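Dear colleague,

I am handing over a structure that I would like you to look through before we next talk. Please open it first, and then read my notes beside it.

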Amino acid sequence: MKTVNEWTAVGVLVTLTGLFFALYMPLEARNRRQAEQRLELERRLSCERSESEKELRELREEQKRALIENTEATTRLNATIGHLADSFAELKNSNADSHRRLWNKCSELEGELAGHETRLSVLENERGK
């Protein structure tokens, strides 16, 4: 059997150390690149999220403004409709009064007309004799 002297052991250790670093260093570099890429993606996502949140806030503000305008318009329309309903009721009452006066006047004139017809008939009968 072959004996191992100290220089052989040192050579084996140096070879193993070299093999370790030959394998470890590319893996470490790849891990470092991946970590940098991950940080860059997180930074981009953070910026995009920040922009999205800003856009969302702006949309919510726009919706609030639209809702306020819609509420104001609805309130004005309700007031206008109330006013129109009151005006319509007043017009309806006024119209009924006008019709009653017209019919009363018509009845009164019918009586006068009947009286005139009677007088004309009497006058025509007196002339014809």
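**What was found**

In this structure, the side chains of Arg-100 and Asp-97 come together in a salt bridge, with 2.3 Å from N to O. Please keep in mind throughout that the model is a predicted one. Both Arg-100 and Asp-97 belong to helix H1, where they sit 3 residues apart, which is about one turn of the helix. Arg-100 is partly exposed, its relative accessible area being 48%, and Asp-97 is partly exposed as well, with a relative accessible area of 32%. Elsewhere, Glu-40, Arg-43 and Arg-44 are joined into one network by salt bridges that share partners.

**More on the salt bridges**

How many salt bridges does the structure hold? There are 6 salt bridges, and two further ones are worth following by eye.

One of them links Arg-43 to Glu-40, and here the closest N and O atoms are 2.5 Å apart. These two residues, Arg-43 and Glu-40, are again both in helix H1 and 3 residues apart, about one turn of the helix. Arg-43 has a relative accessible area of 45% and is partly exposed, while Glu-40, at 29% relative accessibility, also counts as partly exposed. If you wonder why Glu-40 is not called buried, the reason is that buried means under 20% relative accessible area, and the value for Glu-40 is 29%.

Another salt bridge is formed by Glu-61 with Lys-64, where the closest N and O atoms are 3.7 Å apart. Because Glu-61 and Lys-64 are 3 residues apart in helix H1, about one helical turn separates them. Glu-61 counts as partly exposed, at 39% relative accessibility.

**The overall form**

Which secondary structure does the protein have? It comes to 1 helix and 0 strands. The radius of gyration of the protein is 54 Å, well over the 14 Å that the globule rule gives for 129 residues, and therefore the protein is more spread out than a compact globule. Taken along the principal axes, the box filled by the C-alpha atoms is roughly 180 × 25 × 20 Å.

When you turn to the surface, you will see that 0% of the 129 residues of the protein count as buried. The accessible surface of the protein is about 12400 Å², and 59% of that surface belongs to carbon and sulfur atoms.

**Patches and charges**

A nonpolar patch on the surface is formed by Val-12, Leu-16, Leu-19 and Leu-23, which together have about 390 Å² of accessible area. Val-12, one of the members of this patch, has its place in helix H1, which covers residues 6–128, and Val-12 is partly exposed, with a relative accessible area of 45%.

There is also a patch of negative charge on the surface, in which Glu-48, Glu-51, Glu-55, Glu-58 and Glu-62 gather. Among them, Glu-55 is found in helix H1 and counts as partly exposed, at 48% relative accessibility.

How many charged side chains of each sign does the protein have? The protein has 21 positive and 23 negative side chains, and 7 Å lies between the centres of the two sets.

With best wishes

Note on methods: Residues are numbered from 1 along each chain as its sequence is written. This is a predicted model: local features need pLDDT of at least 70, side-chain atom pairs count only at pLDDT 80 or more; totals for chains, interfaces and linings use all residues. Side-chain values use heavy atoms; hydrogens and water are left out. Helices (H or I, at least four residues) and strands (E, at least two) are DSSP runs, numbered from the N terminus. The radius of gyration is taken over C-alpha atoms; the globule rule is 2.2 Å times the number of residues to the power 0.38. Buried means under 20% relative accessible area, exposed over 50%, partly exposed in between (1.4 Å probe, protein chains only). Accessible areas come from the Shrake-Rupley method with a 1.4 Å probe; for residues, only the protein chains shown count as cover. Lys and Arg count as positive and Asp and Glu as negative; His and the chain ends are not counted. The place of a charge is taken as NZ of Lys, CZ of Arg, CG of Asp or CD of Glu. Patches are made of residues with over 30% relative accessible area and no salt bridge: like charges are joined within 9 Å, nonpolar side chains (Val, Leu, Ile, Met, Phe, Trp, Tyr) within 5 Å. A salt bridge is a side-chain nitrogen of Lys or Arg within 4 Å of a carboxyl oxygen of Asp or Glu.
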